[in-house]
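Please open the structure in a viewer and keep the sequence panel visible. The tour below proceeds by selections, each followed by a description of what is found there.

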Amino acid sequence: MAMNDDLEQQLAPLLGSLEAQPPPPALRGQVLEAALRRRAAGSSPDPDPSIPIDPVDVFGLGVAASVAEVERLAGSMWSAPLLRRGWNVQEMIGHLLGAARYMAGALGLDDPIEGVPLAEHVPFTQQWIDRHRGASPDDTAAAFIASFTSLADAASRLRNADLATATEYYGFEIARGTALVAASFELWAHVDDIRRAVGNEPHPLSPEELSIMCRLAAGVLPFTLGYVGTPHLDRTARLVLTGPGGGTFVVTTGGESRSPGDEDALIVTDALDFCRIAGRHLDVDEVAHEVEGDQAFARDLLASARVLAA
């Protein structure tokens with residue numbers, strides 16, 4: 001879908017600013033140091049699902065890992081085709097640069113970009129994809145590092161009131177903190193697309209990152225079911241996500257509340273596998289899971305999570 005001409009003209013003076021102004025030389029190191037200071041690699045305990053996790057921390061860790069991944073790209077890796085998308089690695093990074101510009105507006109760090117519903121998320125970023133398709137890999141890498149490092153640094157200065165402030169996020173009104181989690185999810189999913197394309201193992205998420213992404217994905221399942229056209233009204237499922245970062249979630253699409261054990265479906269699967277479904281890395285049938293009760297409802301519920309990585 002082509003971008004509206006008026007919107008394109010309005011955005012034109014803004015497009016170069018995110019990439020043309022490099023961050024201060026010390027900024028990247030400061031962001032990486034802050035992310036690792038909050039949680040040393042591999043040292044986190046499994047989080048208590050009842051304890052809130054700071055979305056700024058999760059976003060900072062995701063940016064640090066993503067910057068490191070882009071810095072490792074070399075030679076033919078930039079033109080490697082993605083396994084499940086119609087882009088190569090460099091085009092995917094162009095897409096992420098467009099998403100970064102949108103996110104800056106959603107967080108109040110730049111002029112907001114309105115009128116971009118979820119269905120037009122990818123078309124909105126097409127101008128960045130096209131621009132970086134013909135750019136040198138060094139320029140694309142520099143743009144990515146500058147954009148996301150600056151975004152993580154700015155996000156780290158947001159306080160509780162800022163994070164609770166409602167913002168438009170692809171046609172929906174959510175808290176800025178929730179938007180940060182959604183952006184973290186997209187960044188993780190797409191950087192793993194890049195890792196898979198160049199033959200690397202998926203990026204290991206910390207329990208904190210997994211937990212907050214599972215909470216986000218499970219929390220929006222009633223919406224995603226309706227969004228993809230399989231609403232299953234007045235149904236309830238108990239979703240049990242096992243392993244680090246997992247938890248138990250009751251997903252309801254309306255109707256009377258159900259007592260434990262009286263849900264229409266019980267679904268048990270691994271927390272990381274659930275996130276990989278949502279990240280479009282795996283199909284439901286490729287993931288080990290157990291279902292008791294309504295099989296069709298359970299399958300549609302899991303499959304609908306893929307909307308998160310549209």
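## The whole chain

Of the 310 residues of the protein, 51% count as buried. The model is a predicted one. With a cartoon display, the viewer should show a secondary structure of 14 helices and 6 strands. Among the contacts in the protein with a separation of 6 or more, 75% are accounted for by residues 24 or more positions apart.

## First selection: the largest pocket

Select Leu118, Tyr169, Ala182, Phe223 and Leu308. These residues lie nearest the centre of the largest pocket, among the 18 residues that line it. The space in the largest pocket is about 360 Å³.

Which elements give two or more residues to this lining? They are strand S2 (172–175), helix H10 (176–197), helix H11 (207–219) and helix H12 (221–227). Colour H10 separately, as H10 gives the most to the lining of the pocket, with 3 residues. If the lining is coloured by class, it divides into 13 nonpolar, 4 polar and 1 charged residues.

## Second selection: the cavities

Next, turn to the enclosed spaces. A search of the whole structure finds 2 cavities of 30 Å³ or more. The largest cavity holds about 90 Å³ of space. To locate the largest cavity, select Ala99, Met103, Phe148, Ala183 and Glu186, the closest to its centre of the 13 residues that line it.

Helix H5 (89–106), helix H8 (137–156) and H10 each give two or more residues to the lining of the largest cavity. H5 gives the most to this lining, with 5 residues. By class, the lining of the largest cavity has 12 nonpolar residues, no polar ones and 1 charged residue.

For the second largest cavity, select Leu82, Leu83, Arg84, Asp193, Arg196, Arg280 and His281, the residues that line it. The volume of the second largest cavity is about 30 Å³. Its lining divides into 2 nonpolar, 1 polar and 4 charged residues.

## Third selection: the hairpin of S3 and S4

Now select strand S3 (residues 236–242) together with S4; the two strands pair in the antiparallel sense over 6 bridges. One place to examine is Val240, whose bridge partner in S4 is Thr248. The hairpin has 4 residues between the strands, and Gly243 takes a positive phi near 90 degrees there.

Show the side chains of strand S4 (residues 247–252). Which residues of S4 point to the buried face, and which to the other? Gly247, Phe249 and Val251 point to one face and are buried. Thr248, Val250 and Thr252 point to the other face and are not buried. In a regular strand the side chains alternate between the two faces of the sheet.

Remain in strand S3 and select Thr236, which lies in this strand. Is Thr236 buried or exposed? Thr236 counts as buried because its relative accessibility is 4%, below the 20% cut-off. Beyond its neighbours within four places in sequence, Thr236 is in contact with Val250, Val251, Thr252, Arg258, Glu263, Asp264, Ala265 and Phe297.

## Fourth selection: two cysteines

Select Cys214 and Cys275 and display their sulfur atoms. How many disulfides does the structure have? The count comes to 0 disulfides. A disulfide is a covalent bond between the sulfur atoms of two cysteines. The closest cysteine sulfur to that of Cys214 belongs to Cys275 and is 3.8 Å away, which is too far for a bond, because a disulfide requires the sulfur atoms to be within 2.5 Å. Cys275 is likewise in no disulfide, with the sulfur of Cys214 as its nearest cysteine sulfur.

Cys214 is buried, with a relative accessible area of 0%. Cys275 also counts as buried, at 0% relative accessibility.

## Last selection: a loop glycine

Finally, select Gly134, which is found in the loop between helix H7 (126–133) and H8. Is Gly134 buried or exposed? With a relative accessible area of 70%, Gly134 is exposed, because the cut-off for that class is over 50%. Add Gln90 to the selection: the C-alpha atoms of Gly134 and Gln90 are separated by 9.3 Å, while the two residues are 44 residues apart along the chain.

Technical notes:
Residues numbered from 1 in each chain as written. Predicted model: local features only at pLDDT ≥ 70, side-chain atom pairs only at ≥ 80, totals over all residues. Heavy atoms only, no water. 1 Å grid on protein atoms, 1.4 Å probe; cavity = no way out; pocket = protein on both sides within 12 Å on 5 of 7 lines; lining within 4 Å. Points joined across faces, edges and corners; volume = space filled by probe spheres on them. Nonpolar A, V, L, I, M, F, W, Y, C, P; charged D, E, K, R; others polar. Buried < 20%, exposed > 50% of the residue type's maximum accessible area, 1.4 Å probe, protein only. Pairing = 2+ DSSP bridges. Contact = heavy atoms within 4.5 Å.
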